[in-house]
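Let's take a walk through this model together, with the sequence at one hand and the 3D view at the other.

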Amino acid sequence: MSLLALAAALTPILSVFVLLVIMRIPAMRAMPIGLSLTAIMAAAVWKVPVIRIGASVIEGLFAAVSILWIVFGAILLLKTLVKSGAMTTIRQAFVQISPDRRVQVIIVAWLFGAFIEGVAGFGTPAALGAPLLVAFGFPALPAVVLTLAGNSSPVSFGAVGTPIMIGMYQGLQVGGRPAPQVEGAIGDASLQALVQQATMHTVIMDLCIGTFVPLILCVMMTRFFGKNKRLGEGLAIWKFAIFAGLAYEVPALCASFFLGPEFPAVMGGLVGLALVVLAARCGFLLPKTPWDDFAEHPAVGATKTDEESLQDRLPSLRQAWTPYLLVAVFLAVSRADFLPVKPWLRGFRISLQDVLGTNISASIEPLYLPGTVFILVVAITALLYRLRFQVLVSSFRETLLILVPSIVSLCAAVPMVRIFSNSDVNAAGYDSMPIALATMASEGIGALWPLAAPFIGALGSFISGSATFSNMMFSLFQFSTAIRTDIPPAIILAGQLLGANAGNMICVLNVVAAASIVGLSGQEGVIIRYTLIPMLYFVAFSGLLAFGWSLLS
């Protein structure tokens, strides 16, 4: 492969990295430029027919609409709860659990963040958790750093499994069906079975890695932001922190085995919250002396958030949690194979076959998408809380304003990825771009690829700001490299999933959003330098576990 061909294959990756990270162009401008460059290089260098490029764009738009519907529903539900005062009720309940800042950060950044990631995703845990911690009396910088660092393990299953159900599934397909190399490798097995196997590997490895994240949060807080700068003050809560890690990881593991990839973060967050809150109230495994010794002590509530109720009175704690519980119940019912609901919902499908005369197909199942569940719960919430019409209008308007940049970005980014994946049909005699890159990677790194796979996933999230996008871009590349290096693909795909969730800690879009909410705009570089530490821990240990597992396989 010539240098020009290599440059063409790397165009989707390099263009996004240069435009977003180096030139710092907003995603809603950078992604359309990246799409244009990728289309031009695919046509001019890879000799992909223009008709196929157009069909890939249409296929990508279908996938983008699926993601946007989920994001719209998730943000609308979140905004409705904020405007109704439900989030204020939840915040007040958290404050009363324990005066120990280490306990508070575990509950908010790790467990509440996991639950919010599970039902909403797309950067909402840090955007919601950081102002929540500031309202508790945390300085703004540690509030942002710790919520970003805590939002790690659940990201693999964020937004009810979107990084897997849409990101990885789409990434392993070409033309609306499993890529030829995937079909050849899995034989009679289904793509669903392959992805489920990768999910199993992910949660098992994450059990070994994510269990220690709450302890890392406490150590970072006391070492970098405490008055005495001591590691020991964070390590003193190690028993409770490990318990909190397991309180999420074990239910998430069970949910993955019995319910599927939509539920680990939701169930892990819910069960973990219940167990850890109960333990904290009883003083179980807690040090005798609470810790509250920040180097900087802001006034509580000094940073204004948008959690100001438009209602006359706040909902009760039971009412505040009811919408999220309804989301969990409705999703469980709609995903259960033994109930007739799932086939009925999936029976309504909007699809295009052989788009523009190619072998590319595209489809969307609007009733089955989690976004529809979110919209339904918003309607129930409005009745339950007796919300005034102006509250719903305000929530809807703010959701659309938040969504505008995402609409432009995703409607360019996803088609760009589909051109990248569908480049196997060309007049230049090349394999598809992911396969060409996989060939080079396998020749250069070989059997050591499991060590590198998580770093590739993290790179994708860092560049794009989305684990879903990272999985969509790199899953086929990772799979092909695994086949060429004779490593079980599910292990490498698990490394991709773990790396993608780790990259979420340092991705530019999440950092900018969380920093702006608590008044830290301009300090994004400082925040990333702190969150780089847990990110490197996560990807390094993910790589070591994947490498060890590959040797045993």
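**A guided walk**

Our starting point is Ser 421, which belongs to helix H18. Please keep in mind that this is a predicted model. Is Ser 421 buried or exposed? Its relative accessible area is 1%, and because buried means under 20%, Ser 421 counts as buried. Leaving aside residues up to four places away in sequence, Ser 421 touches Gly 171, Gln 173, Val 174, Ser 432 and Pro 434.

Helix H18 spans residues 389-421, and helix H17 covers 370-385. In the loop between these two helices you will find Arg 386. Arg 386 is not a glycine, yet its phi is positive, at about 55°. Most residues other than glycine have a negative phi. The surroundings of Arg 386 also contrast with those of a buried residue: Arg 386 has 74% relative accessibility and therefore counts as exposed, the cut-off being over 50%.

Next, turn to helix H14, residues 264-282. Helix H14 has 19 residues and reaches 26 Å from its first C-alpha to its last, close to the 27 Å expected at 1.5 Å a residue. Which residues of H14 are buried? They are Pro 264, Ala 265, Val 266, Gly 268, Gly 269, Leu 270, Gly 272, Leu 273, Val 276, Val 277, Ala 279 and Ala 280. As you read that list, it helps to recall that an α-helix has 3.6 residues a turn, so residues three or four places apart point the same way. The cover over the buried residues of H14 includes helix H4 (86-95), helix H5 (101-119), H8, H13 and H15.

Follow the chain out of H14 and you meet Gly 283 just after the helix, with a positive phi of about 75°. Leu 285 sits in the loop between H14 and H15. Phi of Leu 285 is also positive, near 65°, in a residue other than glycine. With a relative accessible area of 33%, Leu 285 is partly exposed.

Helix H4, one of the elements covering H14, holds Met 87. The relative accessible area of Met 87 is 1%, so Met 87 is buried. Where might you look for a residue distant from Met 87 along the chain? Try Leu 317: these two are 230 residues apart along the chain, while their C-alpha atoms are separated by 9.5 Å.

Now look at helix H3, where Lys 83 is placed. Lys 83 has a relative accessibility of 9% and therefore counts as buried. What does its side chain meet? The side chains of Lys 83 and Glu 398 are joined by a polar contact of 2.7 Å.

Our last stop is the second largest pocket, with a volume of about 1200 Å³. Its lining is made up of 46 residues, and Met 165, Tyr 169, Arg 346, Glu 365 and Tyr 368 lie nearest its centre. Which elements supply at least two residues each? They are helices H3 (50-84), H8 (158-171), H10 (191-210), H13 (238-258), H15 (317-335) and H16 (341-347), together with strands E3 (350-352) and E4 (362-364). H8 gives the largest share of the lining, seven residues. Sorted by class, the lining has 23 nonpolar, 15 polar and eight charged residues.

Terms used: Residues numbered from 1 in each chain as written. Predicted model: local features only at pLDDT ≥ 70, side-chain atom pairs only at ≥ 80, totals over all residues. Heavy atoms only, no water. 1 Å grid on protein atoms, 1.4 Å probe; cavity = no way out; pocket = protein on both sides within 12 Å on 5 of 7 lines; lining within 4 Å. Points joined across faces, edges and corners; volume = space filled by probe spheres on them. Helix = DSSP H or I, 4+ residues; strand = E, 2+ residues; numbered from the N terminus. Nonpolar A, V, L, I, M, F, W, Y, C, P; charged D, E, K, R; others polar. Expected span 1.5 Å × (residues − 1). Buried < 20%, exposed > 50% of the residue type's maximum accessible area, 1.4 Å probe, protein only. Contact = heavy atoms within 4.5 Å. Polar contact = N/O pair within 3.5 Å; in protein donor to acceptor, adjacent residues only side chain to side chain.
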